[in-house]
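Got your viewer open and a selection box ready? Let's take a walk through this one, stop by stop.

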Amino acid sequence: MTERKVRKMLIKELGKKDVALLQTFLLWLTPTALKTWYHYGTTFTRQNVETILANSDYKLACLEKNKIVALGHLHDFAWKFYPEREIHHRRVRICRLGIVSGITGQGYGTLLLMELIEKSRLLKPPVEEIYLSVSAENKAAVKLYSNFGFKIIQEFNDRAQTNYEMVKKLD
Ligand SMILES: CC(C)(COP(=O)(O)OP(=O)(O)OC[C@H]1O[C@@H](n2cnc3c(N)ncnc32)[C@H](O)[C@@H]1OP(=O)(O)O)[C@@H](O)C(=O)NCCC(=O)NCCS
C-alpha cells in the first residue's frame, strides 16, 4: 500500500445525538447513493436521520473541523451457515462506506476501513469474517478492499450491474 499523509482527525462512533452532523454529511450524497444506501429518496427529514441513527448497527465517522468527511456502517447481525462443514460463521457486514467529494485518493477511505475492521475485531462473540458487496466497476472501492485482504468470493447481478461479494477472514 502506498504511503499517504492523512491529516489529524477524529474517529467517532455516531449516536442518537448526532442528527445534525449526519444530516450535513448526507447532503453530499448523490441521489443514487441516497436511494441505494438509505432508501429515502433525496431529502432527509430529521425523523429519517433519527431512524438511521437508531438502527442497531455501528456508524463510524471521520471528523474534520467538526464535520463528517467519511462515514461507514457496520451491520452486526449476520451469521452464515456453511452446509458442507455444518458450521455457522459469525460475520459482520460493512456497507455505505463513502467520503465527501473532493478528497478522494488522500487516504480517508483507507483510514476509515481500518477503523471498521478494528471495531469488528472488538465485537463479542468474536467475528470470524467481514463481508461486503461492491460494484465491479467501482475500481477505487475494489482496490481499497483488496488492500485489506478482502477476496472476491462471488459475482452477482443486481439492477443490471455486476457486483462482487468480498470477504475478509479475521484471525
Ligand atoms: C471508495 C472510496 C471510499 C475510496 O476512498 P479514498 O479515500 O479515495 O481511498 P484511499 O485514498 O484510501 O485509496 C484506497 C486505494 O484505492 C486506490 N484508488 C483510489 N481511487 C482510485 C481509482 N479511481 N481507481 C483505482 N484505484 C483507486 C488508491 O490508489 C488506494 O490504493 P493504494 O493505496 O494501493 O494506492 C471513495 O472513492 C468513495 O467514497 N467513493 C464513493 C462511494 C463508494 O463508492 N463507496 C463504496 C461502496 S461499496
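Start by selecting Arg 159. In the hairpin of E6 and E7, with 2 residues between the strands, Arg 159 takes a positive phi near 45°. The names follow a simple rule: helices (H or I, at least four residues) and strands (E, at least two) are DSSP runs, numbered from the N terminus.

Before going on, some ground rules. What you see is a predicted model, in which local features need pLDDT of at least 70 and side-chain atom pairs count only at pLDDT 80 or more, while totals for chains, interfaces and linings use all residues. Residues are numbered from 1 along each chain as its sequence is written.

**The hairpin strands**

Now select E6 and E7 together. They run antiparallel and are joined by 7 bridges; two strands count as paired if DSSP finds at least two bridges between them. To see one of the bridges, pick Lys 151, whose partner in E7 is Val 167.

Is E6 tucked away or in the open? Strand E6 (residues 151-158) has 8 residues and the number buried is 0, so it lies largely in the open. Here, buried means that 20 or more other C-beta atoms lie within 10 Å of a residue's own, exposed means 12 or fewer, and partly exposed is in between, with C-beta atoms placed from the backbone.

**Zoom out**

Colour by secondary structure next. The chain has 5 helices and 7 strands, and from the N terminus on they run β-α-α-α-β-β-β-α-β-α-β-β. Of the 171 residues, 23% count as buried.

Then colour by pLDDT, the predictor's confidence in each residue, from 0 to 100. The chain averages 84, and 80% of the residues score at least 70. Among the elements, helix H2 (residues 31-38) has the lowest mean, 67, and H5 has the highest, 96.

**Around the ligand**

Select the ligand and the residues near it, meaning those whose C-beta atom, placed from the backbone, lies within 6 Å. Which of the 20 residues around the ligand come nearest? They are Gly 98, Thr 104, Gly 109, Thr 110 and Ala 140. Strand E4 (87-99), helix H4 (108-122) and helix H5 (139-147) are the elements that give two or more residues to this shell. H5 supplies the largest share, 6 residues.

Try colouring the shell by class: 8 residues are nonpolar, 10 polar and 2 charged. In this scheme Ala, Val, Leu, Ile, Met, Phe, Trp, Tyr, Cys and Pro count as nonpolar, Asp, Glu, Lys and Arg as charged, and the others, Gly among them, as polar.

**Into the core**

A nonpolar core is a set of buried Ala, Val, Leu, Ile, Met, Phe, Trp, Tyr and Cys residues joined through C-beta atoms within 7 Å. The largest one here has 33 residues, and those with the most contacts inside it are Ala 61, Ala 70, Leu 112 and Met 166. The largest share of this core, 5 residues, comes from E3.

Click on Ala 61. Setting aside residues up to four places away in sequence, Ala 61 touches Lys 12, Leu 14, Ile 68, Ala 70 and Leu 71. A contact means that the C-beta atoms of two residues, placed from the backbone, lie within 7 Å.

Ile 130 is another good stop, in strand E5. Ile 130 counts as buried because 25 other C-beta atoms lie within 10 Å. Leaving aside neighbours within four places in sequence, its contacts include Arg 91, Val 92, Ile 94 and Ile 117. Draw a distance from Ile 130 to Arg 90: they are 40 residues apart in sequence, and 8.8 Å apart in space, C-alpha to C-alpha.

**Backbone oddities**

Most residues other than glycine have a negative phi, and most peptide bonds are trans. Select Lys 65, in the loop between E2 and E3, where phi is near 50°. Lys 65 counts as exposed because it has 7 C-beta neighbours inside 10 Å. Asn 66 sits in the loop between E2 and E3 and has a positive phi of about 60°. Asn 66 is exposed too, with 8 other C-beta atoms within 10 Å.

For the last stop, go to the loop between H4 and E5, where you'll find Pro 125. The peptide bond leading from Lys 124 to Pro 125 is cis, with omega near -10°.
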